[in-house]
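Hi there,

Here is the structure I promised to pass along. Have a look at it first, and my notes on what turned up follow below.

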Amino acid sequence: MRTFLFRSMIGIFFGAFLAIMMTYAVTWFGDLETLSADDFARNSLGSMFCGWFFSVTPLYFEMTTLKLWQQTLLHFITVSLLYFIISFGIGWIPFQVTSAMISILAFLIIYLIIWIGFYLYFRSESRKLNEELNHIQ
């Protein structure tokens with residue numbers, strides 16, 4: 001529970017930080033002199049919620065009773081459903097077939113790249129630890 005709360009706080013704060021940085025980028029580089037309070041609140045709350053669930057859902061990978069494919073499937077379903085519900089609901093992705101398909105494809109590619117990166121990293125760490133244990137014996 002302590003880990004869940006810590007990751008929740010980190011995710012929410014990181015999402016808030018990203019919301020502020022995106023707001024600065026939109027106002028400085030996007031020819032906007034003002035933003036509506038509703039737009040800011042909606043987008044910043046969406047960013048904070050995304051930060052929260054992207055930081056908490058990796059806890060699936062710490063559930064040792066599940067196999068890796070089960071952990072991955074649970075994580076993928078959770079983050080993809082939550083992300084796309086928020087994205088379509090807030091308006092980050094327009095309700096158009098082309099936009100939706102491009103967004104889903106980009107999400108899948110980014111998810112796959114990140115998953116493979118983490119898999120290779122932890123496999124390498126596992127090998128190093130096993131080699132060190134073999135040298136000790």
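**How α2 and α3 pack**

Helices α2 and α3 run roughly antiparallel to each other, since the angle between them is about 175° and an angle over 145 degrees is counted that way. Their axes lie 11 Å apart. Please keep in mind that this is a predicted model.

On the α2 side, the contact is made by Arg42, Asn43, Gly46, Phe49, Cys50, Phe53 and Phe54. On the α3 side, the residues are Val79, Leu82, Tyr83, Ile86 and Ile90. By type, the residues of this contact divide into 9 nonpolar, 2 polar and 1 charged.

**The nonpolar core**

Several of those names come back in the largest nonpolar core, which has 10 residues: Cys50, Phe53, Val79, Phe84, Ile86, Phe88, Ile93, Ala100, Phe107 and Tyr111. The elements giving two or more residues to this core are α2 (37–56), α3 (68–90) and α4 (97–136). Which of them gives the most? That is α3, with 4 residues. As general background, nonpolar side chains in soluble globular proteins tend to be buried together.

Two core residues are worth a click in your viewer. Valine 79, in helix α3, has a relative accessibility of 0% and therefore counts as buried. Leaving aside neighbours within four places in sequence, valine 79 is in contact with Phe53, Phe54, Thr57, Phe107 and Tyr111. Valine 79 and cysteine 50 are 29 residues apart in sequence, while their C-alpha atoms are 8.6 Å apart in space. With the same neighbours left out, cysteine 50 is in contact with Tyr83, Ile86 and Trp92.

**Aromatic rings**

There are 17 aromatic pairs in the model. One of them joins tyrosine 83 and phenylalanine 84: the ring centres are 5.2 Å apart and the planes stand at 75°, so this pair is edge-to-face. Is each partner buried or partly exposed? Tyrosine 83 has 22% relative accessibility and so counts as partly exposed, whereas phenylalanine 84, at 13%, counts as buried.

Phenylalanine 88 and phenylalanine 95 make a stacked pair, because their planes are at 15° with the ring centres 5.5 Å apart. Phenylalanine 95 itself is exposed, with a relative accessible area of 71%. These four rings belong to one aromatic cluster, whose members also include Phe4, Phe49, Trp52, Phe53, Phe54, Phe76, Phe107 and Tyr111.

**Two buried polar residues in α3**

Glutamine 71 lies in helix α3 and, at 7% relative accessibility, counts as buried, because the cut-off is under 20%. What does glutamine 71 touch, not counting residues up to four places away in sequence? The answer is Tyr60, Phe61, Glu62, Met63 and Leu66. Of these, phenylalanine 61 is 10 residues from glutamine 71 in sequence, and the two C-alpha atoms are 5.5 Å apart.

Threonine 72 is also found in helix α3, and its relative accessibility of 15% means that threonine 72 counts as buried too. Beyond its neighbours within four places in sequence, threonine 72 is in contact with Phe61, Tyr111 and Trp115. Phe61 therefore appears among the contacts of both glutamine 71 and threonine 72, and Tyr111 is one of the core residues listed above.

Happy to talk any of this through once you have had a look.

Best wishes

Note on methods: Residues numbered from 1 in each chain as written. Predicted model: local features only at pLDDT ≥ 70, side-chain atom pairs only at ≥ 80, totals over all residues. Heavy atoms only, no water. Core = buried A, V, L, I, M, F, W, Y, C linked by side-chain atoms within 4.5 Å. Buried < 20%, exposed > 50% of the residue type's maximum accessible area, 1.4 Å probe, protein only. Contact = heavy atoms within 4.5 Å. Axes fitted to C-alpha atoms, helices over the stretch in contact; angles between N-to-C directions. Parallel < 35°, antiparallel > 145°, perpendicular 65-115°, else oblique. Nonpolar A, V, L, I, M, F, W, Y, C, P; charged D, E, K, R; others polar. Phe/Tyr/Trp six-rings, centres within 6.5 Å; stacked < 30°, edge-to-face > 60°.
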